[in-house]
Each structure stands twice: as structure tokens, then as C-alpha cells.
Amino acid sequence: MGKTLKRSAAFAALARALAAGARSGPSLGARLAALPRMIRATARGEYDGGVRLALMAGAAAYVVSPIDLLPEIPLAIFGLADDAVMVTWLAGSVLAETERFLEWEARRSSVVPGHVVP
């Protein structure tokens, strides 16, 4: 299934994207525009991002959910810290996975469809 997206890889991708800015790699707009195509390709079984997309969807649901592992009201700053870590991981994951998808898309477009003739 390929490499799974680890927490450190997500944070590293976020740091690279923030540090590099517009100097290298796809722009933020290109990455965000790739999200719907990535979801469609995964749903069709063409792209192997199913588990990673599920983890990202779970993280997004956790952030917007009123149910929280560490509630904000009684735990103040600690209640917000888990959400901040989750948002940071989610942002890094989206950046890393969209970059991986765009590379896959570029390789795929350079392949000529057909079959091998013996």
C-alpha cells in the first residue's frame, strides 16, 4: 500500500511548505485544487490514498466535533493544545499527500496506456 503518513512526516511537510514558500514545489492553490481530484481517484481505486484520506477526514471531524479528548473549558490551554496539534498535523498531512498525489498524477500522465505485445 505504500508508505503510511506518519506524524513526523506531516509536521516536516508543513515546515518545508512554510519555509519554502513559493520557491519550490506546487503552490498552495495547486494543492487545494488537487484535493477533489485526489478524492475522486482514491474513490475509483486508481490512487492508493484511502487510509491517509480516512485519517485526514477523522482529524477534521475531531477538530470540528463538540466532543473532545481534552475539553477546553475545564482544562483551558491544555484543551486547546490538542486541537492545535491536530490542526497542525492535518495541515501537514494535506500538504504532504497533495504533493504525493501531484507527483503521481504527473507520472501517470507520462505513461502511454496500452498493453505489452509479446
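Before you click on anything, one term: a residue is called buried when its relative accessible area is under 20%, exposed when the area is over 50%, and partly exposed in between, using a 1.4 Å probe and protein chains only. This is a predicted model, in which local features need pLDDT of at least 70 and side-chain atom pairs count only at pLDDT 80 or more, while totals for chains, interfaces and linings use all residues. Residues are numbered from 1 along each chain as its sequence is written, and side-chain values use heavy atoms, with hydrogens and water left out.

**Stop 1: E97**

Select E97, which sits in helix α5. (Helices here are DSSP runs of H or I with at least four residues, strands are runs of E with at least two, and both are numbered from the N terminus.) Is E97 buried or exposed? E97 counts as buried, because its relative accessibility is 1%.

Now show what surrounds E97. A contact means heavy atoms within 4.5 Å. Leaving aside residues up to four places away in sequence, E97 touches M38, Y47, G49, R52 and M56.

Two polar contacts are worth drawing. A polar contact is a pair of N or O atoms within 3.5 Å; within protein, one atom must be able to donate a hydrogen and the other to accept it, and residues adjacent in sequence count only if both atoms are side-chain atoms. The side chain of E97 has one such contact with the side chain of R52, at 2.8 Å, and another with the side chain of R100, at 2.9 Å.

**Stop 2: from E97 to R52**

Keep E97 and add R52. This pair is also a salt bridge, with its closest N and O atoms 2.8 Å apart. The term salt bridge means a side-chain nitrogen of Lys or Arg within 4 Å of a carboxyl oxygen of Asp or Glu. Side chains of opposite charge can pair when their charged atoms come close.

What does the pair tie together? E97 lies in helix α5 and R52 in helix α3, so the salt bridge links parts that are 45 residues apart in sequence. R52 is buried, with a relative accessibility of 3%. Next, add D48 and R100 to your selection: salt bridges with shared partners join D48, R52, E97 and R100 into one network.

**Stop 3: bridges between α2 and α5**

How many salt bridges does a search of the whole structure find? The search finds seven. Select R31 and E99 for one of them, where the closest N and O atoms are 3.5 Å apart. R31 is in helix α2 and E99 in helix α5, so this pair ties together parts that are 68 residues apart in sequence. R31 is buried, at 8% relative accessible area, whereas E99 is partly exposed, at 25%.

Then select R37 and E105, whose side chains meet in a salt bridge of 2.8 Å, N to O. Here, too, the partners belong to helix α2 (R37) and helix α5 (E105), so parts 68 residues apart in sequence are tied together. R37 is partly exposed at 30% relative accessibility, and E105 is partly exposed at 24%.

**Stop 4: the rings**

Colour Y47, F101 and W104, which ring pairs link into a cluster. Rings of Phe, Tyr and Trp (its six-membered ring) pair if their centres lie within 6.5 Å; planes under 30 degrees apart count as stacked, over 60 as edge-to-face and the rest as tilted. The whole structure has three aromatic pairs. Y47 and F101 form an edge-to-face pair, 5.1 Å centre to centre with 85 degrees between the planes. Y47 lies in the loop between α2 and α3 and F101 in helix α5, so the pair connects parts that are 54 residues apart in sequence. Both rings belong to buried residues: Y47 has a relative accessibility of 5%, and F101 has a relative accessible area of 1%.

**Stop 5: the nonpolar core**

Stay with F101 and show its neighbours. Not counting residues up to four places away in sequence, F101 touches A34, R37, M38, A41 and Y47.

A nonpolar core is a set of buried Ala, Val, Leu, Ile, Met, Phe, Trp, Tyr and Cys residues joined through side-chain atoms within 4.5 Å. The largest one has 13 residues, and Y47, M56, L90 and F101 have the most contacts inside it. Select α2 (28-43), α3 (50-64) and α5 (77-109), since each supplies at least two residues of this core. Which helix gives the most? That is α5, with six residues.

**Last stop: A60**

Finally, select A60 in helix α3. A60 is partly exposed, at 31% relative accessibility. Draw a distance from the C-alpha atom of A60 to that of A91: the two are separated by 9.9 Å and lie 31 residues apart along the chain.
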